[in-house]
Structure formats: C-alpha cells, structure tokens
Amino acid sequence: MLVRLAELFDLPSDLVSGACHAELLGDRQFFLEGHEGILSYAAEQIDISAGALIVRVKGHGLQLRSMTDSEVRIQGVIEAVEYIR
C-alpha cells in the first residue's frame, strides 16, 4: 500500500517507508532526512541516530549547518560516511 501511495504522489519509496534519506554533495556537505537526533558531535566526527542505524560522518571542520526535527545538514571536509547497525 505504501509503495502505491509513493508512486501515486511521485514520492521516493524510502521516505514513505520510514527509512532515512541521505545525500552527499561532493566532499563538503551531507544531508540526512529522517533522523532521530544527534548522538555525538565533534569537529572530526558526528554520529546521528537514524532508527535502527547510526550514521557516522567523519572528516575535518565538521559543523551542523542546519537542523530540524527531521533533517540535518552537515558541512566541512567529509572523508567518510558510515552506516552502523
């Protein structure tokens, strides 16, 4: 049913199913939609709760560019994005 709704409204099926949606723009910006909060925050590593996963962003000069209850944007020199179960 959810997949049919996603198709009907031309929505990404991952958003309708409750999964998080991540985008990496070059090596300078990271966007995550569907997060459940910041677990740890430092200039070299930011851990974000994404339900059953932890999304770990590693790099240099990392900082939160913006954050809402469902979206987070990180900027800095991003060297790695890891998904941890």
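These legends accompany close-up views of one predicted protein model.

Local features are reported at pLDDT of at least 70 and side-chain atom pairs at pLDDT 80 or more, while totals for chains, interfaces and linings use all residues. Residues are numbered from 1 along each chain as its sequence is written, and side-chain values use heavy atoms, with hydrogens and water left out.

**View 1. The whole chain holds 2 helices and 6 strands.**
Helices are DSSP runs of H or I with at least four residues, strands are runs of E with at least two, and both are numbered from the N terminus. Along the sequence the pattern reads α-α-β-β-β-β-β-β. The chain has 85 residues, and 24% of them count as buried. Buried means under 20% relative accessible area, exposed means over 50%, and partly exposed lies in between (1.4 Å probe, protein chains only). The chain exposes about 5400 Å². Carbon and sulfur atoms supply 52% of that area. Accessible areas come from the Shrake-Rupley method with a 1.4 Å probe; for residues, only the protein chains shown count as cover. Contact means heavy atoms within 4.5 Å. Among contacts between residues at least 6 apart in sequence, 38% join residues at least 24 apart.

**View 2. Six strands form an open antiparallel sheet.**
The strand order is β1-β2-β6-β5-β4-β3. Two strands pair if DSSP finds at least two bridges between them. The edge strands are β1 (21-25) and β3 (37-41), each of which pairs on one side only. From one strand to the next, the twist averages 40 degrees. For such angles, axes are lines fitted to C-alpha atoms (for helices, over the stretch in contact), and values run from 0 to 180 degrees between N-to-C directions.

**View 3. Strand β2 sits between β1 and β6 in the sheet order.**
On one side, 5 bridges join β1 to β2, and these strands run antiparallel. Leu25 stands opposite Gln29 in β2. The β1 and β2 hairpin has 3 residues between the strands. Gly26 takes a positive phi near 60 degrees in this hairpin. On the other side, 5 bridges join β2 (residues 29-33) to β6 (residues 71-84), again antiparallel. Phe31 has Arg73 of β6 as its bridge partner.

**View 4. A hairpin links edge strand β3 to β4.**
Between the two strands lie 3 residues. Antiparallel β3 and β4 (residues 45-50) are joined by 4 bridges. Ile38 stands opposite Ile48 in β4.

**View 5. Ser49 and Ala50 are two residues of strand β4.**
Which of the two words, buried or exposed, fits Ser49? Ser49 is buried, at a relative accessible area of 12%. Leaving aside neighbours within four places in sequence, Ser49 is in contact with His35, Glu36, Gly37 and Leu39. Ala50 is also buried, with a relative accessible area of 12%. Not counting residues up to four places away in sequence, Ala50 touches Cys20, Gly34 and Val55. Ala50 and Ile84 are 34 residues apart in sequence. In space, their C-alpha atoms are 9.8 Å apart.

**View 6. The side chains of Asp47 and Arg56 meet in a salt bridge.**
A salt bridge is a side-chain nitrogen of Lys or Arg within 4 Å of a carboxyl oxygen of Asp or Glu. The whole structure contains 3 of them. In the pair shown here, the N to O distance is 2.8 Å. Asp47 counts as buried, at 9% relative accessibility.

**View 7. Lys58 forms a salt bridge with Glu82.**
The closest N and O atoms are 3.3 Å apart. Why does this pair tie together parts that are 24 residues apart in sequence? Lys58 lies in β5 (residues 53-67) and Glu82 lies in β6, so the salt bridge ties together those parts. Lys58 is partly exposed, with a relative accessible area of 29%. Glu82 is partly exposed, with a relative accessible area of 29%.

**View 8. Arg28 and Asp27 meet through their side chains in a salt bridge.**
The N to O distance is 3.3 Å. Arg28 is partly exposed, at 48% relative accessibility. Asp27 is partly exposed too, with a relative accessible area of 37%.
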